[in-house]
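Here is an informal walk through a protein model for someone meeting it for the first time. Have a look at the sequence and the fold, and then we'll go through the parts one by one.

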Amino acid sequence: MSTFTTISSDKLARLIGTANAPVLIDVRTEEDFAADRRLIPGSIKLSHETVAEWGGEFAGRSAIVSCLRGAKLAQGTAAWLRQLGADAETLEDGFEGWKAAKLPLLDTRKLPPRDAKGRTVWVTRARPKIDRIACPWLIRRFVDPNAVFLYVAPSEVVAVGERFNAAPFDIENVFWSHRGELCTFDVMIEEFGIATPPLLRLATMVRGADTARPDLAPEAPGLLAASLGLSRMYDDDLEQLKAGMLLYDAFYRWCRDATAETHNWPTNKVKA
């Protein structure tokens with residue numbers, strides 16, 4: 001049972017992917033991580049041995065720490081984080097408990113190389129519309145919360161990727177792109193192994209809006225309209241991405257929590 005310093009896997013699963021999710025820190029030993037290189041979605045991998053050095057950057061923030069079984073490494077790291085001003089809890093039963101609950105795990109073998117600050121770097125075409133906003137949202141919420149996105153001229157995407165060690169996405173002839181009827185958002189969910197019913201529902205909406213197939217989901221035309229509206233509102237691609245994060249946060253929460261909810265204007269009864 002969870003205590004005031006622990007959180008259960010099912011409660012954590014409800015937080016992952018939301019705008020206010022806590023920082024998720026995996027402190028498994030290198031030996032344990034080598035045995036299973038997957039991560040709880042949205043986690044960052046750090047060493048418990050150096051928590052006194054890196055822990056201060058999480059002061060004033062909420063954090064959840066996991067190790068292999070939720071014992072000494074997670075407990076000690078969380079205690080250090082609280083000492084340094086963070087609101088830190090540990091994951092009950094750790095990584096093994098999450099895995100036993102058959103909850104999604106991120107396949108880190110598909111991650112591009114990280115930069116000197118531990119961030120993945122991605123590059124795509126400037127002036128994004130749908131996939132090029134949806135994919136960054138997915139990456140920051142479920143893959144790498146610190147990911148960097150570079151928007152450049154279409155003709156320079158591959159060259160920039162090579163020179164700046166960035167992973168190109170949503171252009172032709174690269175790994176992270178459309179495949180058959182799937183859009184790049186679909187491909188990322190599949191390759192990273194993070195499919196859940198809400199994400200798959202959102203993916204159908206994104207695919208319908210991005211590939212001119214509004215019949216795939218009743219919500220696809222609305223997503224298309226909102227996306228095109230944002231592209232007209234912002235000249236700065238990064239400002240558009242910032243606004244788009246809120247848009248996809250809302251669509252994701254609808255997919256997860258509110259698909260059965262309706263809104264009916266109350267009927268005013270006219271008295272005779």
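Strand β5 (residues 62-66) has four of its five residues buried, so β5 is largely enclosed by the rest of the structure. Keep in mind that this is a predicted model. Which strands does β5 pair with? On one hand there is β2, which runs parallel to β5 and is joined to it by four bridges. One of the matched pairs here is Asp26 with its bridge partner Ser66 in β5. On the other hand there is strand β6 (residues 87-91), which also pairs with β5 in the parallel sense, over four bridges. Here Ser62 has Asp87 in β6 as its bridge partner.

Some of these strands turn up again around an enclosed space. The model has one cavity of 30 Å³ or more, and about 40 Å³ of space lies in it. Its lining is made of Leu12, Leu24, Ile25, Asp26, Ile40, Ser43, Ile64, Ser66 and Leu91. Both β2 and β5 supply at least two residues of that lining, and β2 gives the largest share, with three. By class, the cavity is lined by six nonpolar residues, two polar and one charged. So Asp26 and Ser66, the bridge partners, are both part of the cavity wall.

Now for another set of strands. Three of them form an open sheet, in the order β9-β8-β10, with parallel pairing. The edge strands, each pairing on one side only, are β9 and β10 (167-168). Strand β8 (residues 121-125) is joined to β9 by five bridges, and across that pairing Trp122 stands opposite Phe149 in β9.

Trp122 also belongs to the biggest nonpolar cluster. The largest nonpolar core has 53 residues, and those with the most contacts inside it are Trp122, Trp137, Phe185, Leu202 and Tyr248. Several elements give two or more residues to this core: α5 (94-100), α6 (131-143), β9 (148-152), α8 (184-192), α9 (197-210), α10 (220-233) and α11 (237-258). What does Leu202 touch, leaving aside its neighbours within four places in sequence? The list is Trp137, Phe185, Tyr248, Phe251, Tyr252 and Cys255. There is also a second, separate core of 16 residues, which includes Ile44, Val65, Ala86 and Ala88.

One helix that feeds the largest core deserves its own stop. Helix α8 is mostly covered, with eight of its nine residues buried. They are Thr184, Phe185, Asp186, Val187, Met188, Ile189, Glu191 and Phe192. Among the elements that cover these residues are β7 (106-107), β8, α6 and α9. Right after α8 comes Gly193, whose phi is positive, near 70°.

What about the open spaces? Here are two pockets side by side.

| Pocket | Volume | Lining | Classes in the lining |
|---|---|---|---|
| Largest pocket | about 700 Å³ | 31 residues | 15 nonpolar, six polar and 10 charged residues |
| Second largest pocket | about 240 Å³ | 14 residues | 11 nonpolar, one polar and two charged residues |

In the largest pocket, the lining residues nearest the centre are Gly42, Ile44, Asp144, Pro145 and Asn146. Elements β2 (23-26), β4 (43-45) and α6 each supply at least two residues to that lining. Ile44 links two parts of the story: it is in the second core and is one of the residues nearest the centre of the largest pocket.

The second largest pocket has Ala13, Ile16, Pro104, Thr196 and Tyr252 closest to its centre. Its lining draws at least two residues each from α1 (9-15), α9 and α11. Tyr252, listed there, is also one of the contacts of Leu202.

One last residue to find is Arg114, in the loop between β7 and β8. Is Arg114 buried or partly exposed? With a relative accessible area of 36%, Arg114 is partly exposed. Not counting residues up to four places away in sequence, Arg114 touches Arg119, Thr120 and Asp144. Asp144 is a residue you have already met, in the lining of the largest pocket. For a sense of distance, the C-alpha atoms of Arg114 and Glu49 are separated by 21 Å, and the two residues are 65 apart along the chain.

Key. Residues numbered from 1 in each chain as written. Predicted model: local features only at pLDDT ≥ 70, side-chain atom pairs only at ≥ 80, totals over all residues. Heavy atoms only, no water. Core = buried A, V, L, I, M, F, W, Y, C linked by side-chain atoms within 4.5 Å. Buried < 20%, exposed > 50% of the residue type's maximum accessible area, 1.4 Å probe, protein only. Contact = heavy atoms within 4.5 Å. 1 Å grid on protein atoms, 1.4 Å probe; cavity = no way out; pocket = protein on both sides within 12 Å on 5 of 7 lines; lining within 4 Å. Points joined across faces, edges and corners; volume = space filled by probe spheres on them. Nonpolar A, V, L, I, M, F, W, Y, C, P; charged D, E, K, R; others polar. Pairing = 2+ DSSP bridges.
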